[in-house]
Amino acid sequence: MNNIPSVDLADFLSEDPKRKEKFVNEIGKAYEEIGFVALKNHFLSDDLVDNLYKEVKDFFDLPVETKKNYEIEGLAGQRGYISFGKEHAKGKKEGDLKEFWHFGQEPSEDANLSEDYPENVQVQELPDFNKIGMEAYRNLEKTGIYVLRALALYIGLEEHYFDHWASNGNSILRPIHYPPITEEPKGAVRAGAHGDINLITLLMGASTGGLQVLRKDGEWIDAIPKEDELVINVGDMLERHTNNKLRSTIHRVTNPPKEQWGKPRYSIPFFMHPRSDMRLDCLEECIDEDNPKQYEDITAGEFLHQRLVEIGLIKK
């Protein structure tokens, strides 16, 4: 396998039980094997994607002093702007060569949450930035819920098992800007090798290559989706909840060849988090004599806090 498998959400949404079962098995096996798929027929329109990239590029083109007005102290990077080099991969000291923005959940009135989410930060200079960002957020959330329904069936759970936890969950949409590289990086890369924290991550096509996935045999392979596909991978929360049945695969964003250092890179991942009071205890359906329980019981909120400390967004 030299690229990640491709699956079609239209199969799952069809009224043909065989097509639905085909999708469930394809995505489930891919997540057992490599933890990544490319998904077509999601809910993002081409126009929405184009408009979002335009707004994101316009934001990152603003002067540094303007962008820093949106870096809110005390929020641990949960909302607004996070400046260049602030975040690093778990276990690394060097900051990643990127700056980014966080859109967060705007819960429905009947969400009945056990916590209060921070307000999204409004960008005054770009009147459409927040509206278009949140439209993309909603369509990615909708796509993610259908993926989780397929995975629930694959694991042997009721199809809508994840619906309550993922709807109004603590998900984050993160537009990222990797600026041109101007000098030899001292041990730093655009994004160091890491696993994602959350349930699943949905990645809109990056503007240039660089995303690589670590195969079981230790080989790094390029993740190259088609233009109309999302890359979707398993995060550490889901790996933990399924007792390692579904794999949270290590991945990275490499620096480009030197002749391409002058090009910026943009990508927009959607990190699908559940509500913080969801329990991530290993599912009984994923425990047997050959696969004993691997993890201590924990909630999603407790696990998230641990990891934000490890990657430098929350200071001890």
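Two strands are treated as paired if DSSP finds at least two bridges between them. The legends below describe close-up views of a predicted model.

**Figure 1. Strand E9 and its partners E10 and E12.** Strand E9 covers residues 211-214 and runs antiparallel to strand E12 (residues 251-253), to which it is joined by 3 bridges. Within this pairing, Gln212 faces Arg252 of E12. Strand E10 (residues 220-222) is likewise antiparallel to E9, with 3 bridges between them. Here Val213 has Ile221 of E10 as its bridge partner. The hairpin of E9 and E10 has 5 residues between the strands, and Gly218 adopts a positive phi near 90 degrees in this hairpin.

**Figure 2. The salt bridge between Arg215 and Asp217.** The side chains of Arg215 and Asp217 form a salt bridge with an N to O distance of 2.9 Å. Arg215 has a relative accessibility of 19% and counts as buried because the cut-off for that class is under 20%. Asp217, by contrast, counts as exposed at 52%.

**Figure 3. Strand E4 and its buried side chains.** Strand E4 spans residues 99-104, and 6 of its 6 residues are buried, so the strand is largely enclosed by the rest of the structure. Glu99, Trp101 and Phe103 point one way from E4, while Phe100, His102 and Gly104 point the other way; all are buried.

**Figure 4. Pairing of E4 with strands E3, E5 and E6.** Strand E3 (residues 80-82) pairs with E4 in the antiparallel sense through 3 bridges, and Ile82 has Phe100 of E4 as its bridge partner. Antiparallel pairing also links E4 to strand E6 (residues 176-178), over 2 bridges. In this pairing the partner of Phe100 is Ile176 of E6. Phe100 thus has a bridge partner in E3, Ile82, and another in E6, Ile176. A further antiparallel pairing, again over 2 bridges, joins E4 to E5. Across it, Phe103 stands opposite Leu173 of E5.

**Figure 5. The loop residue Gly169 and its contact in space with Gln105.** Gly169 belongs to the loop that lies between H6 and strand E5 (172-173). The C-alpha atoms of Gly169 and Gln105 are 6.9 Å apart, although 64 residues separate the two in sequence. Gly169 is buried, with a relative accessible area of 0%.

**Figure 6. A salt bridge between helices H5 and H6.** The structure as a whole contains 15 salt bridges. One of them joins Arg149 to Asp163, whose closest N and O atoms are 2.7 Å apart. Arg149 lies in helix H5 (residues 129-155) and Asp163 in helix H6 (residues 163-166), so this pair ties together parts that are 14 residues apart in sequence. Arg149 is buried, with a relative accessible area of 16%, and Asp163 also counts as buried at 16%.

**Figure 7. A salt bridge within helix H8.** Glu310 and Arg307 meet through their side chains in a salt bridge of 3.2 Å, N to O. The two residues are 3 positions apart in helix H8 (residues 300-310), which means that about one helical turn separates them. Glu310 counts as partly exposed, at 32% relative accessibility, whereas Arg307 counts as buried, at 7%.

**Figure 8. A network of four charged residues.** A network of salt bridges links Asp11, Arg19, Lys22 and Glu26. In general, side chains of opposite charge can pair when their charged atoms come close.

**Figure 9. A negative surface patch that includes Asp46.** Asp46, Asp47, Asp50, Glu227 and Asp228 form a negative patch on the surface. Asp46 is part of helix H3 (residues 46-60). Its relative accessible area is 59%, and Asp46 is therefore classed as exposed.

**Figure 10. Asn41 and Asn244, two loop residues with positive phi.** Asn41 sits in the loop between strand E2 (36-40) and H3. Its phi is near 60 degrees, a positive value in a residue other than glycine. Asn41 is partly exposed, with a relative accessible area of 43%. Asn244 occupies the loop between helix H7 (236-241) and E12. The phi of Asn244 is also positive, near 75 degrees, in a residue other than glycine. Asn244 is partly exposed as well, with a relative accessible area of 32%.

Definitions and conventions
Residues are numbered from 1 along each chain as its sequence is written. This is a predicted model: local features need pLDDT of at least 70, side-chain atom pairs count only at pLDDT 80 or more; totals for chains, interfaces and linings use all residues. Side-chain values use heavy atoms; hydrogens and water are left out. Helices (H or I, at least four residues) and strands (E, at least two) are DSSP runs, numbered from the N terminus. Patches are made of residues with over 30% relative accessible area and no salt bridge: like charges are joined within 9 Å, nonpolar side chains (Val, Leu, Ile, Met, Phe, Trp, Tyr) within 5 Å. Accessible areas come from the Shrake-Rupley method with a 1.4 Å probe; for residues, only the protein chains shown count as cover. Lys and Arg count as positive and Asp and Glu as negative; His and the chain ends are not counted. The place of a charge is taken as NZ of Lys, CZ of Arg, CG of Asp or CD of Glu. Buried means under 20% relative accessible area, exposed over 50%, partly exposed in between (1.4 Å probe, protein chains only).
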